[in-house]
Amino acid sequence: MNGLLVCLNAIVPVFFMIGVGYLAKCRGVIREGEVSRFNAVAFRVFMLVMCFYNVYNSDLSTAIRPKLIAFAVIGIALMYTASWLYAHFFVPERRCRGVVIQGLYRTNYLILGLPVAAGLAGGVDLGGVAVLGAVVVPMFNILAVVTLEVYNGEKPKLGKLLADIAKNPLIVGSLGGLVFLLLGVRLPTMFETAVRDLSRVASPLMLFLLGAFFRFDGFRAHQKELIAVLLGRLVLFPAIALPLAAWLGFRGVDFVALLALFASPTAVASFTMAQQMGGDAELAGNIVVMTSLLCSLTLFGFSLLFKTLGVF
């Protein structure tokens with residue numbers, strides 16, 4: 001019963017905020033065309049500050065965890081490989097292949113995973129979770145850009161790719177926090193309070209915007225691809241990665257970070273990227289919506305299972 005309450009307390013508020021965003025769009029409080037603009041603000045400002053504060057306020061001896069990072073990076077590489085093989089051999093339309101690959105391997109670690117991790121970890125130092133995000137999100141982005149460029153028939157531009165990585169708000173925020181942490185520099189109390197409050201805006205705002213992004217039309221097209229992504233992203237990949245992580249000895253906040261990484265729905269950014277780079281935007285949007293909706297069940301199930309087993 002205690003495990004059930006912990007999981008409910010972590011997951012229900014997350015999907016409640018998504019629901020508020022959807023209702024706000026339905027009532028005209030926020031228009032669908034405004035979501036991408038607000039998303040950019042939330043990502044470039046509030047997420048940057050959140051990553052900075054989480055690392056800045058963490059214990060240096062525990063923030064950088066090589067074993068955790070190695071498991072995550074290898075896991076993403078294997079998910080990507082499996083996704084590419086499936087799309088290459090079983091998805092006939094070329095412009096759908098990159099979208100399907102993204103849908104399978106690229107998770108919503110920042111917007112949905114981090115709030116769930118924070119809820120499940122119960123106030124534990126999340127510096128390591130933030131540092132992990134600074135590693136895996138650029139990896140997600142690099143693979144996504146290369147994949148969509150390849151299936152769009154264009155050659156990826158290395159210079160632009162490296163520049164995008166260097167400007168990534170997660171990288172900038174986490175490295176900034178790490179510099180302050182290494183040098184032992186502390187912000188004046190008034191500024192530290194402001195930074196802390198700004199960091200608390202990030203997750204609720206992006207969850208709200210995720211709800212405002214939801215659309216429930218057009219699901220009949222590409223049903224086969226959509227079902228395959230739902231099963232792979234929400235069931236198959238976490239069902240392989242999470243027991244393996246538990247078997248390898250990951251516990252507590254480390255396991256929660258991996259749960260947030262491997263059991264989260266498809267990243268919202270995958271829709272925008274597909275739209276801008278010649279992929280099937282309708283399929284990409286449907287993948288984001290459906291994985292985010294059904295994730296409320298699968299993520300809760302995985303959380304409850306491993307909480308009951310005492311893994312975290």
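A residue counts as buried when its relative accessible area is under 20%, as exposed when over 50%, and as partly exposed in between, with a 1.4 Å probe and protein chains only. Methionine 290, at 19% relative accessibility, therefore counts as buried.

This is a predicted model, in which local features need pLDDT of at least 70 and side-chain atom pairs count only at pLDDT 80 or more, while totals for chains, interfaces and linings use all residues. Residues are numbered from 1 along each chain as its sequence is written, and side-chain values use heavy atoms, with hydrogens and water left out.

**Stop one: methionine 290 and helix H12**

Select methionine 290, which is found in helix H14; helices here are DSSP runs (H or I, at least four residues), numbered from the N terminus. Then add leucine 261, which is 29 residues away along the chain, and the two C-alpha atoms turn out to be separated by 18 Å.

Next, select the whole of H12, in which 10 of the 11 residues are buried, so that this helix is largely enclosed by the rest of the structure. The buried residues include Val253, Phe255, Val256, Leu259 and Ala260. Which helices do the buried residues of H12 pack against? They pack against H4, H6, helix H7 (127-151), helix H11 (223-247) and helix H14 (281-308), where contact means heavy atoms within 4.5 Å.

**Stop two: H4 beside H12**

Two packed helices are described by the angle between their axes and the distance between the axes. Axes are lines fitted to C-alpha atoms, for helices over the stretch in contact, and the angles run from 0 to 180 degrees between N-to-C directions.

Select helix H4 (residues 66-90) together with helix H12 (residues 252-262), and look along the pair, which packs at an angle of about 20° with the axes 11 Å apart. That angle makes H4 roughly parallel to H12, given that angles under 35 degrees count as roughly parallel, over 145 as roughly antiparallel, 65 to 115 as roughly perpendicular and the rest as oblique. On the H4 side, the contact is made by Leu68, Phe71, Ala72, Gly75, Ile76 and Met79, and on the H12 side by Asp254, Ala257, Leu258, Leu261 and Phe262. These residues divide into 9 nonpolar, 1 polar and 1 charged, where Ala, Val, Leu, Ile, Met, Phe, Trp, Tyr, Cys and Pro count as nonpolar, Asp, Glu, Lys and Arg as charged, and the others, Gly among them, as polar.

While H4 is still selected, pick out tyrosine 86, which is found in this helix and counts as partly exposed at 22% relative accessibility. Leaving aside neighbours within four places in sequence, tyrosine 86 is in contact with Val91, Val100, Leu104, Lys224 and Ala228. Arginine 97 is 11 residues from tyrosine 86 in sequence and 9.0 Å away in space, C-alpha to C-alpha.

**Stop three: H6 across H10**

Select helix H6 (residues 109-121) and helix H10 (residues 189-213), which pack at an angle of about 125° with their axes 9 Å apart. This angle makes H6 oblique to H10. Ile111, Leu112 and Pro115 in H6 meet Ser203, Met206, Leu207 and Leu210 in H10, and these contact residues divide into 6 nonpolar, 1 polar and no charged.

**Stop four: the rings of H2**

A pair of aromatic rings is described by the distance of the centres and the angle of the planes. Rings of Phe, Tyr and Trp (its six-membered ring) pair if their centres lie within 6.5 Å, and planes under 30 degrees apart count as stacked, over 60 as edge-to-face and the rest as tilted. By this rule the count comes to 11 aromatic pairs.

Select phenylalanine 52 and tyrosine 56, a stacked pair with 5.4 Å centre to centre and 15° between the planes. Both residues lie in helix H2 (residues 32-56), 4 residues apart, about one turn of the helix, and both phenylalanine 52 and tyrosine 56 are buried. Now add tyrosine 53, which forms a tilted pair with tyrosine 56, at 6.3 Å centre to centre and 40° between the planes. Ring pairs link Phe52, Tyr53, Tyr56 and Phe180 into a cluster.

**Last stop: serine 58**

Select serine 58, which lies in the loop between H2 and helix H3 (60-63) and is buried, with a relative accessible area of 9%. Finally, add leucine 181, which is 123 residues from serine 58 in sequence and 8.1 Å from it in space, C-alpha to C-alpha.

Key: Helix = DSSP H or I, 4+ residues; strand = E, 2+ residues; numbered from the N terminus.
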